[in-house]
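Biologist: I'm new to this one, so could you put it on screen and walk me through it?
Modeller: Sure, here it comes.

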Amino acid sequence: MSKPIFYHAGCSVCVSAEHDIINLIGKDNVEVVHLGEDRSRIMEAEQAGIQSVPALVTPSGNVLHINFGAAMADVKG
């Protein structure tokens, strides 16, 4: 992985965090994954260690859980 991946579910907490992450590191420096729109990536997020969204996975594989928007169980529905 060459750049961080920011996972979120589209809630207001997630969207606010997305804007902050993009403002901090730049749109071209982060991959944004909206799990509500791309449900095929939920398993990938869980395998990375994400327990709730919004969360950022660093290039070294560390998971940074940011605030609390939704548990992965809620995202999976």
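Biologist: Let's start with V13: which helix is the place of V13 in?
Modeller: Keep in mind that this is a predicted model. V13 has its place in a helix, and that helix runs over residues 12-25. So the helix holding V13 is α1.

Biologist: Is V13 buried, partly exposed or exposed?
Modeller: Buried would need a relative accessible area under 20%, and exposed one over 50%. V13 comes out at 27%, so the label is partly exposed.

Biologist: How far apart are the C-alpha atoms of V13 and D74?
Modeller: Along the chain, V13 and D74 are 61 residues apart. In space, their C-alpha atoms are separated by 14 Å.

Biologist: Back to α1, then. Which residues of α1 are buried, and why do they sit on the same side?
Modeller: An α-helix has 3.6 residues a turn, so residues three or four places apart point the same way. The buried ones in α1 cover an arc of only 110° around the axis, which puts them on the same side of the helix. They are C14, A17, E18 and I21.

Biologist: And which exposed residues are on the face of α1 turned away from its buried side?
Modeller: Exposed here takes a relative accessible area over 50%. On that face of α1, the exposed residues are S12 and N23.

Biologist: I see C11 and C14 there. How many disulfides does the count come to?
Modeller: A disulfide is a covalent bond between the sulfur atoms of two cysteines. The cut-off is 2.5 Å, and the sulfur of C11 is 3.2 Å from the closest cysteine sulfur, in C14, so that is too far for a bond. The count comes to 0 disulfides.

Biologist: Of those two, C11 is what, and C14 is what: buried or partly exposed?
Modeller: C11 has 25% relative accessibility, so C11 counts as partly exposed. C14 has a relative accessible area of 0%, so C14 is buried.

Biologist: Now the strands. Which residues of β1 are buried on its two faces?
Modeller: In a regular strand the side chains alternate between the two faces of the sheet. Both faces of β1 are covered. One side has I5 and Y7, and the other has F6 and H8.

Biologist: Which strand pairs with β1 in the antiparallel sense, and which runs parallel?
Modeller: There are 3 bridges in the antiparallel pairing, where Y7 stands opposite A55. The parallel pairing has 4 bridges, and there H8 has H34 as its bridge partner. The antiparallel partner is β3, and the parallel one is β2.

Biologist: Where is the cis peptide bond?
Modeller: Most residues other than glycine have a negative phi, and most peptide bonds are trans. This one has omega near 5°, and P54 has its place in strand β3. The cis bond runs from V53 to P54.

Biologist: Which element gives the most to the largest nonpolar core?
Modeller: That core has 13 residues, and among those touching the most other members are Y7, A45 and V53. β1, α2, β3 and α3 each supply at least two residues. With 3 residues, the one giving the most is β3.

Biologist: Last one: how many residues are in the other core?
Modeller: The other core lies apart from the largest one. Among its members are F6, A17, V30 and L56. Its size is 5 residues.

Definitions and conventions
Residues are numbered from 1 along each chain as its sequence is written. This is a predicted model: local features need pLDDT of at least 70, side-chain atom pairs count only at pLDDT 80 or more; totals for chains, interfaces and linings use all residues. Side-chain values use heavy atoms; hydrogens and water are left out. A nonpolar core is a set of buried Ala, Val, Leu, Ile, Met, Phe, Trp, Tyr and Cys residues joined through side-chain atoms within 4.5 Å. Buried means under 20% relative accessible area, exposed over 50%, partly exposed in between (1.4 Å probe, protein chains only). Two strands pair if DSSP finds at least two bridges between them. The expected span of a helix is 1.5 Å times one less than its number of residues. The arc is that of the directions from the helix axis to the C-beta atoms.
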